[in-house]
Amino acid sequence: MNIHIQKYYKPMLLWCLCALLVVSGAVAKQPKKVVKLGFIPLTDCAPLVIAKEMGFFAKYGVDVQLSKEASWAVIRDKILNGELDAAHCLFSMPFSVYTGIGGKAGSEMKIAMILNNNGQAITLSKDFCGLVGFRDLKKVAAAIKDVKSRKEVTFAMTFPGGTHDIWLRNWLAACGVNAKSVGIITIPPPQMVANMRVDNMEGFSVGEPWNGVAATQGIGFTQISSQDIWKNHPEKALVANKAFAENDKEDLKNVMKALIEACKWLDVMSNRKKAALLLSKPNYVNAPVQVIEARLMGSTEIGCDLGVQKYKDDYMLFYNNGAVNTPKLSYGIWFMAQYMRFGMISTAPDYSAVAQKLILDDLYAEVAKSMGVPVQEDMKPFKTNLETIVFDPKNPAPYIAGSKK
């Protein structure tokens, strides 16, 4: 009987074994998915650059291709149509697009994690030299009035409803200037300095190194840094295509792990010279290494003979013992409250529902826990540097009603 069974089944077992080997071989030979990540030439694209250059993406088994893009509008379009799987992106862009300010209302872009705090600024042209100093908010309204007596005053930001748009509007409001009394235009970050040089605007709000470049080239001066507007504010985020976030979750998690490791590496200050050198390359930011390095190290040459400002604990931060990277729902609600505050939308969205739809807080918590990174507490009231009213994410209406417009 046993001899009969062996005779009958042995060829079948051999056939199954061969089939299994063939299938296994085919699976092994399948090319790994290439994950395409976009970025804009800014100092705070550093986590993506470092994760690529230092081999952190490879360490977590994800094959990443970085794609340098021309503008935030291009980043938006490519995330929405899937040409990019994810990108270095303005934290508030998904809310701007979803509410119809910066794109087709209802379009979903998913926020996976925050990449950095601080490191943006508002630069004024040489028209303002001698009229107002660094962080001197009380003289800004009179200075704008003075310049308006000679020419129209226009400010540039990088994307409607984006972080730079909101820093600009908060600064104007704190200075007692209604945003509707000046021109506001959209210019891609790398084109800011060139446009100010040919007198297309009198001020701009943008990320580094372009404020530093304007100051060192004598085009303008830094009036205020974004950390003076809101210390340790959310700035750039990893924003993902919806289908990628839903269908390629393991790839997204591995990208996030590599970026968290890059953020940790970047917050070791002795690594920042190397980071500046890598970022300065033509295929990344393509700006003078000295300018990138200085502001990464917390040193702001203001311009217009106003000296140097040293930031000790609120320069551009990427990790800060885990405080940077949690994508908080309350931050999303704050940005949407700004849209109501400044009349950019006429109907209040369902703040909490939209924030929960667009922010992948559960996915971030899972990744953070796997890496021993502390997840930050959310939905607590807070107040920014220039504001006098506490913002309660559970009830934004009193804040909106009482804030300067």
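**Exercise 1. Two helices that cross**

At roughly what angle do the axes of helix 12 (residues 249-266) and helix 17 (residues 361-371) cross? Classify the crossing, then list the residues that make the contact.

*Solution.* The model is a predicted one.

Step 1. Take the two axes. They come within 10 Å and cross at roughly 55°.

Step 2. Classify the angle. Roughly parallel needs an angle under 35 degrees, and roughly perpendicular runs from 65 to 115. Helix 12 is therefore oblique to helix 17.

Step 3. Give the hand. Helix 12 passes helix 17 in a right-handed crossing.

Step 4. List the contact. Helix 12 contributes Lys249, Leu252, Lys253, Met256, Lys257, Ile260, Glu261 and Lys264. Helix 17 contributes Leu363, Tyr364, Glu366, Val367, Ser370 and Met371.

Step 5. Sort these residues by character. Seven are nonpolar, one is polar and six are charged.

**Exercise 2. Another partner for helix 12**

Describe how helix 2 (residues 46-53) packs on helix 12. What is the character of the residues in the contact?

*Solution.*

Step 1. Start with the geometry. The helices pack at an angle of about 100°, and their axes are 8 Å apart.

Step 2. Classify the angle. The range for roughly perpendicular is 65 to 115 degrees. So helix 2 is roughly perpendicular to helix 12.

Step 3. Name the residues. On helix 2 they are Ala46, Pro47, Leu48, Ile50 and Ala51. On helix 12 they are Ala258, Leu259, Ala262, Cys263, Trp265 and Leu266.

Step 4. Sort them. The contact of helix 2 with helix 12 has eleven nonpolar residues, no polar and no charged.

**Exercise 3. The buried face of helix 16**

Which residues of helix 16 (residues 351-358) are buried? Work out how they are arranged and what they pack against.

*Solution.*

Step 1. Pick out the buried residues. They are Tyr351, Val354, Ala355 and Leu358.

Step 2. Look down the helix axis. The buried residues of helix 16 fall within an arc of 100°, so they line one face of the helix.

Step 3. Find the partners. This buried set packs against helix 5 (93-98), strand 4 (109-114), helix 15 (329-341) and helix 18 (397-402).

Step 4. Move to one residue of helix 15. Leu329 is found there. Its relative accessibility is 11%, so it counts as buried.

Step 5. Connect Leu329 to helix 16. Beyond neighbours within four places in sequence, Leu329 contacts Ala355, Gln356, Ile359, Asp361, Asp378 and Met379. Leu329 and Tyr351 are 22 residues apart in sequence, with their C-alpha atoms 9.1 Å apart.

**Exercise 4. Buried or exposed?**

Are Ile144, Gln309, Asn320 and Asn321 buried, partly exposed or exposed? Place each one in the chain.

*Solution.* The cut-offs are under 20% for buried and over 50% for exposed.

Step 1. Ile144 sits in helix 6 (residues 140-148). Its relative accessibility is 3%, so Ile144 is buried. Leaving out residues up to four places away, Ile144 touches Phe128, Val153, Phe155, Leu172, Val177 and Val182.

Step 2. Gln309 belongs to strand 12 (residues 308-310). Its value is 19%, so Gln309 is buried. With residues up to four places away left out, Gln309 touches Phe134, Arg135, Gly298, Ser299, Thr300 and Ile302.

Step 3. Asn320 is in the loop between strand 12 and helix 15. At 28%, Asn320 is partly exposed.

Step 4. Asn321 is in the loop between strand 12 and helix 15. At 65%, Asn321 is exposed.

**Exercise 5. Backbone details**

Which peptide bond is cis, with omega near 15°? Then give phi for Asn320 and Asn321.

*Solution.*

Step 1. The cis bond runs from Glu208 to Pro209. Pro209 lies in the loop between strand 8 (203-207) and helix 9 (210-216).

Step 2. For Asn320, phi is near 50°, a positive value in a residue other than glycine.

Step 3. For Asn321, phi is near 55°, again positive in a residue other than glycine.

**Exercise 6. The whole chain**

How many helices and strands does the chain have? Add its dimensions, burial and contacts.

*Solution.*

Step 1. Count the elements. There are 18 helices and twelve strands.

Step 2. Give the dimensions. Along the principal axes, the C-alpha atoms fill a box of roughly 105 × 45 × 35 Å.

Step 3. Check burial. Of the 405 residues, 56% count as buried.

Step 4. Turn to contacts with a separation of 6 or more. Residues 24 or more positions apart account for 76% of them.

Methods
Residues numbered from 1 in each chain as written. Predicted model: local features only at pLDDT ≥ 70, side-chain atom pairs only at ≥ 80, totals over all residues. Heavy atoms only, no water. Buried < 20%, exposed > 50% of the residue type's maximum accessible area, 1.4 Å probe, protein only. Helix = DSSP H or I, 4+ residues; strand = E, 2+ residues; numbered from the N terminus. Arc of directions from axis to C-beta. Contact = heavy atoms within 4.5 Å. Axes fitted to C-alpha atoms, helices over the stretch in contact; angles between N-to-C directions. Parallel < 35°, antiparallel > 145°, perpendicular 65-115°, else oblique. Left-handed = near helix turned anticlockwise from the far one by under 90°. Nonpolar A, V, L, I, M, F, W, Y, C, P; charged D, E, K, R; others polar.
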